[in-house]
Amino acid sequence: MDRKTVLEARSLRKEVTSPEGMLTILDDVSLSIVAGETVAIVGASGAGKSTLLALLAGLDEPSAGGVWLEGTELSALDEDGRAAARARHVGFVFQSFHLVPSLTALENVMLPLELAGRRDARAEARVVLGQVGLGARLGHYPRQLSGGEQQRVAIARAFVTRPSVLFADEPTGNLDTTTGARIIELLFNLNAANGTTLVLVTHDRAIATRCDRIIEMDAGRLVGAR
Amino acid sequence: MKALRFALLALSRDWRSGELAVLLAALLVAVTALTGVGFFTDRIGQAVDQRAAEVLAADLRLRSAEPIPESYEALAAEQGIETARIISFPSVVFFGADSALTAIRAVGPGYPLRGRLKIADAPFAPARETDELPGRGETWLDSRLLARLGAAIGDTVNIGASTFTVTRVLDYRPDQGSAFVDLAPSLLIPLADLPATELLGPGSRASYRLLFAGTPGQIRDFRDEIDERKSKAERLESVDEESPQIQASTRRAGRFLNLSAIITVLLAAVAVAMAARRYTRRHLDNVALMKCMGAPQRFVLQVTVIELALVALVAALLGSLLGYLAQELLTRLVGDLVTVGLPPPTLAPALMGGATALAILVGFALPPLLQLKRVPPARVLRRNLEPPPLRYSVSYGLAVAALLGVLYWLVRDVRLVGYLAVGIAATLAVLYGAGFLLVLLAGRLRGAVGVAWRYGVANLARRGRESVVQVVAFGLGLMVLLLLAVVRNDLLKDWRASLPADTPNFFMINIPAAETADFVQFVEARGLPTPQLFPMIRARMTTINSRPIDEVVAGNDRAQGFAEREQNLSWAEQPQIDNKIVAGRWWQASDRGKAYVSVATEYQEDLGLALGDRLAFDVAGETIEAEILSFREVEWDTFRPNFFLVFSPGTLDGLAGTWLTSLKLDLEQRKMLAELVRRFPSVSVFDIDAILSQVREVIDRASLAVQYVFLFTLAAGITVLLAAIQSTRDERRYESAMLRTLGARRRVVLAGVAAEFTALGMLSGVLAAIGATLAGWLLAREVFDLEYAIDPWVWVIGLAAGAVIVGGAGTLAARGVVNHPPISTLREG
């Protein structure tokens, strides 16, 4: 089946200035991801996984090369343009959950819908929180939830806008093995149900093997793919 | 619209979760303190002004050499302003074969509009206040006049074509002034009896006055209206030319009140700045998250600003209300001491409080909050990504500009604000540098102390920059508290002491040159100290640098006042001790033979004079001219004989002059006055007891009020400091949780926090003491013109207060953090 390309990177390069001079943390990275695909980016610490994720999601600007998301060149947009593209197409799940501590579980999930000006935010958020099994904990604050529960709230928040691409940065990094396995299960199930493209950064081989494709990185370069 | 909706949502959620509490509390305390102090100083200020206005017997006075049209009264009546008329002129009063030159004052109903007349039943006898005026056919004479005529109550005297019965001794008029303008003794008659005397014909030298009284707002508007309408001959008179002494005291009282207002603003600024910092830091993550979810920069900015504006609005409204209540409570507590006749507060302080808090918030919170807009969204992946750092000049520049703007708006005193600006800048620089050094030193010390202290002090050193900011903030806060607690007392004491008990209360004028020796002997023979005599010559100014005076002063009311008035010239070898040369120099022996004059700064300002200008005077037909060699600042409120114009020795030789002196006479000693007036008939005795007590009353009332305002400010200041400490607790959460996870007992962690705050407090306290001492010295010297002795207690109190307030409050605030289960802190991510 010939599927549409949703995310493409061409000759990505990222340099930062450091006390020792110019440092290249990403060098000549090109890749293409089609709709519905699940891709794991693996590599040791400092290999450039998170930098690549940030560039692919338009959170940061490359020093050279470009990223195309749903046919739009992100590097041609200004920060607000990239923000608009993210709002339309992208969802995130983070290692440290990044829930807003002053908001309840329900409000955290409502947040991206409210930012988009959606009036049905509350109803939508309830449905998705039900899907992740937290229908009974809507009014709880992050500090009243366990780590696994917090990550489920974050997953609900990522899926509530029905993004075409979901970026997950070490989603089980802060969780114990059992809880981590459940979270991954949930993530893949929701992904399949929604037909979302998943880009997953991890150093857990077991998780990576569940993906359609594994991209391996070392010292800022792609060193292998499967 | 979307931003507003979202901001409202965010506001209600932040509020519910307690996120806004610290910022709101700091703002609330700031506005409450500002408006509370504002309301109170406003009322006190009004009361002091009212007291000062008694010198005019009105709030506003119009004077003319021609009858004043009745249209002014109609205009005043329309606006609900009270009026009263006075016509005064010199004339001769007859009692049998005796006669005396007198200043006749025909007063209309309502006089005096401000202050009260005092009357007595015998010359120089104790007086009582009255609201009455002489009835038709009656007159009230002052003691000097009765003594000179040898008349008594019940006698009849002739004034022009009419006969009047003396019914009272006139002891005191609020508008009798002290500038020796009315040299002749005065008497009161009813205005309605004036036509029958047939004294007011063409060419008579009458002075017409129309008095006005109303609320400050009414008077302000009315003054503008009159200013436009009045004819060339008509002149508005102000308090300061009538009584420089009262004006000087009022001004000083005003400065004290301003000082407390300024201190409140500074404290509020510290609190708001600290809270805004915390608010911004806590919002960094949320903003990054919002941007990651696709919120545009503009939206983030709008939401932030709207939310902040709403917080400010709530704080302004609620704070003004609390400020009003606090002030009301305060006046109740103070009771009768100052509330007597305390006018109701105006609405201005509420506006001022709100606007000030807003300005401070904008100055301190906006620059860091604007940074939020620039938070890189990738911060969600890498926590250490911060927005690009603000240039200090931008962030603190705006804050300092806002602060100075507010201060100027508040006190309208360029000099005071200028000194403050320099003071604040210097203090901040010194605090910053010293804080840095002390933190460095504390780091070195850590090996020498116990585990709790080591942890605490190590924390201080590790958080270097952060600690310095806190030392600066607490130091500034403690410094103003010290200024309040210790320095204020010294300043007030010095102010009170500036009018000691032996301040002269009688002036003797017109002592003929030939009788000076006899006069001194007469006074000494009655057991009084030898009086110091000053020469005095009456003159009119004719030209400035050969230009006719009328031409120079045209269009300037105050200058006209000085120019029209007869001047008292004097000469001296040495300047009086309460005079300060502010420009030029005093003459020396080598200047003998040259005609020089030293001019009071009041003249300099109003007539626009410069060193080297030549002033000419007409002294009984003779012209003398002298060059201005110096300008002097005169402390009028010391009540020593002082002159606007003092000439070099020899310049006034050969001119017909008299001498004057001042004496301190108690009630018993006053009995000799009747004898003195008979023995030296040309001498005029001038009772300044009344004006002296007016000034004393202004000082007493104002200093008492200032005490309470300061007390209130002190309470507000401590609250503000507590709020600031609260805002630092976040920074300690993780550490505390971490240490406890590592197995530290709660007690150890708490002791460490206590050690850190106590060390911080002591560092701040020492710096605050240095700052307060310098500020006190500078304020005393440059703003209040008072002597100031360094008070060692500042150091003790500074150190102790720093340790107790900052250490205690910090530990208390951190207790909640330490008690927080470590796992939930760590889990919040």
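This report walks through some helix packing, a small sheet and a chain-to-chain contact in the structure above. The model is a predicted one, so please read the geometry below as computed from that prediction.

**Helices around α3 of chain A**

A good place to start is helix α3 of chain A, residues 105-115, which packs with helix α5 of chain A, residues 147-159. Their axes are 8 Å apart and the angle is about 25°. Since angles under 35 degrees count as roughly parallel, α3(A) and α5(A) are therefore roughly parallel to each other. On the α3(A) side, the contact is made by A:Ala105, A:Asn108, A:Val109, A:Leu111 and A:Pro112, while α5(A) brings A:Val153, A:Ala156 and A:Arg157. Sorted by class, that contact has 6 nonpolar, 1 polar and 1 charged residues.

Helix α3(A) also meets helix α4 of chain A, residues 121-131, with axes that come within 9 Å and cross at roughly 125°. That angle makes α3(A) oblique to α4(A). Here α3(A) offers A:Ala105, A:Leu106, A:Val109, A:Met110, A:Leu113 and A:Glu114. Facing them in α4(A) are residues including A:Ala121, A:Arg122, A:Glu124 and A:Leu129. The class count for this contact is 9 nonpolar, no polar and 4 charged residues.

Here are the two helix pairs side by side:

| Helix pair | Angle | Axis distance | Handedness |
|---|---|---|---|
| α3(A) and α5(A) | about 25° | 8 Å | right-handed |
| α3(A) and α4(A) | roughly 125° | within 9 Å | right-handed |

**The sheet in chain A**

Turning to strands, 4 of them form an open sheet in chain A, in the order β2-β1-β4-β5, with antiparallel pairing. At the edges sit β2 (21-34) and β5 (72-73) of chain A, each pairing on one side only. Strand β4 of chain A, residues 64-69, pairs with β5(A) in the antiparallel sense over 2 bridges. Within this part of the sheet, A:Leu69 stands opposite A:Thr72 in β5(A).

The sheet has a helix for company: α1 of chain A, residues 49-56, lies across β1 (5-18), β2 and β4 of chain A. Relative to β1(A), this helix runs at about 125°.

**Where chain B touches chain A**

Finally, a look at the two chains together. In the contact, 26 residues of chain B meet 30 residues of chain A. On the chain B side, the elements that give two or more residues are α1 (2-16), α8 (244-292) and α25 (822-827) of chain B. By class, this side of chain B has 12 nonpolar, 6 polar and 8 charged residues.

How values were computed: Residues numbered from 1 in each chain as written. Chains lettered and ligands numbered in written order. Predicted model: local features only at pLDDT ≥ 70, side-chain atom pairs only at ≥ 80, totals over all residues. Axes fitted to C-alpha atoms, helices over the stretch in contact; angles between N-to-C directions. Parallel < 35°, antiparallel > 145°, perpendicular 65-115°, else oblique. Left-handed = near helix turned anticlockwise from the far one by under 90°. Contact = placed C-beta atoms within 7 Å. Nonpolar A, V, L, I, M, F, W, Y, C, P; charged D, E, K, R; others polar. Pairing = 2+ DSSP bridges.
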